[in-house]
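Have the chain at hand and keep the viewer open beside this text. We will walk through it together, a few side chains at a time.

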Amino acid sequence: MGRVIRSQRKGRGSIFKSHTKHRKGPARLRVIDFAERKGYIKGIIRDIIHDPGRGAPLALVAFRDPYKYRHKRELFIATEGMYAGQFVYCGKKAQLAVGNCLPLGSMPEGTIVCSLEEKPGDRGKIAKASGNYCTVISQNPDANKTRVKLPSGSKKAISSNCRAVVGVVAGGGRIDKPLLKAGSAYHKYKNKRNCWPRVRGVAMNPVEHPHGGGNHQHIGKPSTVKRGTPPGRKVGLIAARRTGRLRGGKSSGAQKDE
């Protein structure tokens, strides 16, 4: 029997826990209430702050509590163009402006949004990384569904009651600049979790990885594995529908003109 491999050791706590000591808190939309369902509520951006381990900046937004004499502070993912002192409006009847939060059913087709809810009331799950956004493609008022294009390029129909923030997540273009040196990668992942440097399986011994060993660095067997493969063997291309290069893609009109 071989050693317990790296993928088995993940998820057990210990050295693979995420580094959360200086994090500012979860970035989420407001808890949906009467004000947001029927009208709108005004908030003011107190500050734009950095969150360690996250590429996108956060916006500290203060709202007046509609039920008690107090202020409530929320952490939103900052959109491009936000600034301290800006008023933001959340609710069904909020204006369509960058930084405002409103349900997808109130948005015209072609709107660029981020911090999108997957199910109504889950406070934002999709398009939260720096530079990411979703696009509203079409509305279906009869089924109360909205079709959106996700950052991956896939399209998804979700409830029109799901809320989203108008605009693109700030901090875009982060990966355009190369890291250049190992020290930069070290500090990048030091704030995230223990996942760097990553040793290749073929560079290990047979006891440490299914791809290890041999007189040359080669896998020596198909790299695809079944979905039900036992842990310890489940490495490589898991439950791959297809492998190899994507060939014969659709050529754009611009290429035809050239």
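What follows covers salt bridges, a charged surface patch, two loop residues and some backbone details.

This is a predicted model, in which local features need pLDDT of at least 70, side-chain atom pairs count only at pLDDT 80 or more, and totals for chains, interfaces and linings use all residues. Residues are numbered from 1 along each chain as its sequence is written, and side-chain values use heavy atoms, with hydrogens and water left out.

## Salt bridges

Let us begin with the charged pairs. A salt bridge here is a side-chain nitrogen of Lys or Arg within 4 Å of a carboxyl oxygen of Asp or Glu. Searching the whole structure gives nine of them. Three are listed below.

| Pair | Closest N to O distance |
|---|---|
| Asp-33 and Arg-30 | 2.9 Å |
| Glu-36 and Arg-163 | 3.0 Å |
| Arg-163 and Glu-117 | 2.7 Å |

Which residues does the network of salt bridges link? They are Arg-30, Asp-33, Glu-36, Glu-117 and Arg-163.

For the pair Glu-36 and Arg-163, joined by a salt bridge, the partners come from distant parts of the chain, 127 residues apart: Glu-36 sits in helix α2 (residues 34-38) and Arg-163 in strand β10 (residues 163-166). Helices (H or I, at least four residues) and strands (E, at least two) are DSSP runs, numbered from the N terminus.

The salt bridge between Arg-163 and Glu-117 is another long-range link. Because Arg-163 belongs to strand β10 and Glu-117 to the loop between β6 (112-114) and β7 (134-140), this pair ties together parts that are 46 residues apart in sequence.

Are these side chains buried or exposed? Glu-36 is buried, with a relative accessible area of 4%, Arg-163 is buried at 2%, and Glu-117 is buried at 0%. Asp-33 and Arg-30 are buried as well. Buried means under 20% relative accessible area, exposed means over 50%, and partly exposed lies in between (1.4 Å probe, protein chains only).

## A positive patch

Now turn to the surface. Arg-9, Lys-10, Arg-193 and Arg-198 form a positive patch there. Patches are made of residues with over 30% relative accessible area and no salt bridge; like charges are joined within 9 Å, and nonpolar side chains (Val, Leu, Ile, Met, Phe, Trp, Tyr) within 5 Å. Arg-9 lies in helix α1 (residues 6-9) and is partly exposed, at 36% relative accessibility.

## Two loop residues

Met-204 is in the loop between α3 (182-190) and β11 (224-225), and it is buried at 16% relative accessible area. Leaving out residues up to four places away in sequence, Met-204 touches Arg-6, Val-199, His-209, Gly-212 and Gly-213; contact means heavy atoms within 4.5 Å.

Gly-172 is found in the loop between β10 and α3 and is partly exposed, at 41% relative accessibility. Apart from neighbours within four places in sequence, Gly-172 contacts Glu-80, Ser-130 and Gly-131.

## Backbone details

A few angles are worth a look in your viewer. The peptide bond from Trp-196 to Pro-197 is cis, with omega near -5°, and Pro-197 is placed in the loop between α3 and β11.

Leu-180 has a positive phi, near 70°, in a residue other than glycine. Leu-180 is in the loop between β10 and α3 and is exposed, at 77% relative accessibility. Ala-239, also not a glycine, has a positive phi near 50°. Ala-239 lies in the loop between β12 (237-238) and α4 (253-257) and is partly exposed at 31%.

Note on methods: Areas by Shrake-Rupley, 256 points an atom, 1.4 Å probe, with all protein chains shown as cover. Lys, Arg positive; Asp, Glu negative; His and termini not counted. Charge placed at Lys NZ, Arg CZ, Asp CG, Glu CD.
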